[in-house]
Amino acid sequence: ERLKILLRAAGQRNVNLVLMPDGMDRRKSNTTRFYRDTDQITWMLEFKIKPQENNGFLNLRTRLQESHSLSRGFQNLIADGPRNAPTRQLLKGFTAETELLFF
């Protein structure tokens, strides 16, 4: 029922939301939610940052209300504060040539 409500809310916003099949880890870890009381979707964003010099990715996750910009989601991850210190430390190793890929 919760997912049907989320799909309907996304459709009303002209968003084609596609869900992963039941049992998949990505579906289990997705905490995107629709809140009826505020009529808002809070999205789970995953930023994948790929350094040029290796094949791995740095995965950064945050939640973002639909009324906020995508850039604000990234700012949430790197804002000053003790909660974001590990993320900022990881990002220090990246150079200007780092690609920011959105999935």
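**Group meeting: a walk through strands 2 and 3**

Let's start with Thr 42, which is found in strand 2; strands here (E, at least two residues) and helices (H or I, at least four) are DSSP runs, numbered from the N terminus. At 12% relative accessibility, Thr 42 counts as buried, where buried means under 20% relative accessible area, exposed over 50%, and partly exposed in between, with a 1.4 Å probe and protein chains only. Not counting residues up to four places away in sequence, Thr 42 touches Thr 31, Thr 32, Arg 33, Tyr 35, Arg 63, Leu 64 and Gln 65. A contact here means heavy atoms within 4.5 Å.

A quick word on what you are looking at. This is a predicted model, where local features need pLDDT of at least 70 and side-chain atom pairs count only at pLDDT 80 or more, while totals for chains, interfaces and linings use all residues. Residues are numbered from 1 along each chain as its sequence is written, and side-chain values use heavy atoms, with hydrogens and water left out.

Now the overall layout. The protein chain has 4 helices and 4 strands, and along the sequence they follow the pattern α-α-β-β-β-α-α-β. Of its 103 residues, 23% count as buried. If you take the contacts with a separation of 6 or more, 44% of them are between residues 24 or more positions apart.

Back to our strand. Which way do strand 2 and strand 3 run relative to each other, parallel or antiparallel? They run antiparallel, joined by 8 bridges; two strands pair if DSSP finds at least two bridges between them. In this pairing, Ile 49 stands opposite Leu 58 in strand 3.

Strand 3 itself is nice to look at on screen, as its side chains alternate. Leu 58, Leu 60, Thr 62 and Leu 64 point to one face and are buried, whereas Asn 59, Arg 61, Arg 63 and Gln 65 point to the other face and are not.

Lys 48 is another residue to click on, and its place is in strand 2. Lys 48 is buried, with a relative accessible area of 15%. Its side chain makes a polar contact with the side chain of Asn 59, at 3.2 Å. By polar contact I mean a pair of N or O atoms within 3.5 Å; within protein, one must be able to donate a hydrogen and the other to accept it, and residues adjacent in sequence count only if both atoms are side-chain atoms.

On to the core. The largest nonpolar core has 8 residues: Leu 45, Phe 47, Ile 49, Leu 58, Leu 60, Leu 64, Leu 77 and Leu 91. Such a core is a set of buried Ala, Val, Leu, Ile, Met, Phe, Trp, Tyr and Cys residues joined through side-chain atoms within 4.5 Å. The elements giving two or more residues to this core are strand 2 (40–50) and strand 3 (58–65). Apart from it lies another core of 5 residues, including Leu 6, Ala 9, Ala 10 and Leu 17.

Last, two backbone details. Most residues other than glycine have a negative phi. Asn 14, though, has a positive phi, near 60 degrees; Asn 14 is in the loop between helix 1 (2–12) and helix 2 (25–29), and counts as exposed at 77% relative accessibility. Asp 39 also has a positive phi, near 55 degrees. Asp 39 lies in the loop between strand 1 (33–35) and strand 2 and is partly exposed, at 44%.
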